[in-house]
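Got your viewer open? Then let's walk through this one stop by stop, picking something new to select each time.

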Amino acid sequence: MKKKQLTRRSFIQQSTLTAFGTAIGMPIVFGHYLPQNLLPVILEKDSPIEGKHPDLTLLNDRPLNAQTPPHLLNDSITPADKFFIRNNGLPPENIDPEKWTLTIDGESAKSNRTFSLAALKSQFNEYSYQLVLECGGNGRSEFSPPAKGNQWTTGAVGCAVWTGVRLADVLRATGIKDNAVYIGYYGKDTHLSGDKNKRPISRGCPIAKALEPETLIAWSMNGADIPLHNGYPLRLVVGGWPASCSGKWLERISIRDRIHDGPKMGGQSYRIPCDPVAPGTKVADEDMCIIESMPVKSLITFPRTGAILNARELKIKGHAWAGDVSVRKMECSIDFGQSWQPAQLSPPANRLAWQDFSATVRFPKPGYYEVWARATDENGKTQPMILPGWNPKGYLNNACHRIAVRVK
Ligand SMILES: Nc1nc2c(c(=O)[nH]1)N[C@H]1C(S)=C(S)[C@@H](COP(=O)(O)O)O[C@H]1N2
Ligand SMILES: [Mo]
């Protein structure tokens, strides 16, 4: 039998386990390997992804896709190590931030300009906003018939504080022609095939969204460098729209005189049928429309589903968001939607940030319950209980989130 090779980290972990074994009276099998004077007090778990929380759920490793379980999203500001990853290709290697540049060009740019990171930081005002990024395919796992692609459940969303310069300021410094309609981004990541002429993704947004004050070219997440997989050293952040608009490893932005036509802009990508279709329908490309603002949605982040409660009262917590608009009302139900009670809803830290909510629910007797939560946006649109209409690629599932609890 071949012996499994231990990495240094997993070896330490093994030793830790052994140390724990001592405490419960088991023999120290690897006792002679124990590092001198070191008895770790916590069981450290290795994360398969550098810098990320070990309990992110890995959906795919090439390209890397990992989502965040709801209970890890309890913070008002999503910590970098808990922020989901959706890569379409392979991140660039050996990044030297000193040599990183961003070029602005395109048919509708009055000039071509290239900025170093230092130039961006010194020539423009710096802004920080808390912005929601949610993958257009978040919730895809509930599609029937199934939709191909990452089977995200609820965890392709996060809301971090992003710091950088306004895209509008940089575009205006370059000069925007009157015929500008769209911007398109280009990142330095490479195509899975290894073909240098192919890009994994190059999307963008209409010029009006690009010029919003919250649309950032960001170099920092929560006050630190952006993690490699989230776009280090520079990315676009277009809050409230499918996160695929927020180009990572940003090296070029084109001001276009037409709808941007990079990979994953056309065909069926990030598009839904312009008119609703029956589940399973094949839809022609020309009948598919580009997704813009994301729909109203919420997530219960405390307690973790499966919680066993000793008390009849429970304070639930979570967040709600609604694309370009804010959330007006938050409710929850403990009887499968037969009755709803209001929840407390906080205002957003700024436009396009998610809003914290909490509610104290009281269970009438012991037993099994589900807690459901639903948000209503400022236009009066409410989350549906089930998938709000099938589409071929599995986008925009904003059905209510629900957790199960047992009351003792
Ligand atoms: N250059 C580049 N930008 C990209 C992607 C990518 O693969 N390459 N993925 C997009 C998609 S589909 C999503 S959902 C978000 C994910 O951002 P995150 O990985 O930081 O969570 O980045 C977007 N920007
Ligand atoms: Mo995405």
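Which residue stands opposite Met-221 in strand 11? Select Ala-224 and you have it: Ala-224 is the one facing Met-221. Before going on, know that this is a predicted model, in which local features need pLDDT of at least 70, side-chain atom pairs count only at pLDDT 80 or more, and totals for chains, interfaces and linings use all residues. Residues are numbered from 1 along each chain as its sequence is written, chains are lettered from A and ligands numbered from 1 in the order in which they are written, and side-chain values use heavy atoms, with hydrogens and water left out.

**Stop one: strand 10**

Stay where you are and select residues 216-221, which make up strand 10. Strands here are DSSP runs of E with at least two residues, numbered from the N terminus. Six of the six residues in strand 10 are buried, meaning under 20% relative accessible area, where exposed is over 50% and partly exposed is in between (1.4 Å probe, protein chains only).

Now look for the partners of strand 10. Two strands pair if DSSP finds at least two bridges between them. Strand 11 (residues 224-225) runs antiparallel to strand 10, with two bridges. The two strands form a hairpin with two residues between them, and Asn-222 in that turn has a positive phi of about 55°.

Add strand 7, residues 157-166: five bridges link it to strand 10, again antiparallel. To see one spot in that pairing, click Thr-163, which stands opposite Ser-220. Then add strand 12 (residues 235-237), which is antiparallel to strand 10 over three bridges. There, Ile-217 stands opposite Leu-236.

**Stop two: ligand 1**

Next, select ligand 1. How many residues surround it? The count is 20, and the closest are Phe-84, Asn-88, Asp-189, Arg-235 and Lys-248; a residue is near a molecule if one of its heavy atoms lies within 4 Å of it.

Try three polar contacts, each a pair of N or O atoms within 3.5 Å. A polar backbone atom of Phe-84 is 2.7 Å from an oxygen atom of the ligand. A polar side-chain atom of Asn-230 sits 2.8 Å from an oxygen atom of ligand 1. For a nitrogen atom of the ligand, go to Ser-246, where a polar backbone atom is 3.0 Å away. Taken alone, ligand 1 exposes 530 Å², and the protein buries 100% of that (Shrake-Rupley areas with a 1.4 Å probe).

**Stop three: the cysteines**

Colour the cysteines. The whole structure holds one disulfide, which is a pair of cysteine sulfur atoms within 2.5 Å. Select Cys-274 and Cys-289 to find it, with S to S at 2.0 Å. Cys-274 lies in the loop between strand 14 (271-273) and strand 15 (288-290), and Cys-289 in strand 15, so the bond ties together parts that are 15 residues apart in sequence. The torsion about the S-S bond is about 100°, so this disulfide is right-handed. Are the two ends buried or partly exposed? Cys-274 is partly exposed at 36% relative accessibility, and Cys-289 is partly exposed at 34%.

Compare that with Cys-245, which is buried at 1%. Its closest cysteine sulfur, in Cys-205, is 6.0 Å from the sulfur of Cys-245, too far for a bond. Cys-135 is buried too, at 6%.

**Stop four: two open sheets**

Switch to a cartoon view and find the open sheet of four strands, in the order 16-18-22-21 with antiparallel pairing. Strand 16 (297-302) and strand 21 (344-345) are at the edges with a single partner strand each, so one side of each is left without a neighbour in the sheet. Inside, strand 18 (residues 313-321) and strand 22 (residues 355-362) pair over eight bridges; Lys-315 has Thr-360 as its bridge partner.

Then move to the open sheet of five strands, ordered 17-24-23-19-20, where the pairing is mixed. Its edges are strand 17 (307-309) and strand 20 (341-342). Select residues 367-377 and 401-407 to see strands 23 and 24, antiparallel with seven bridges. Trp-372 pairs there with Arg-402.

Definitions and conventions
Polar contact = N/O pair within 3.5 Å; in protein donor to acceptor, adjacent residues only side chain to side chain.
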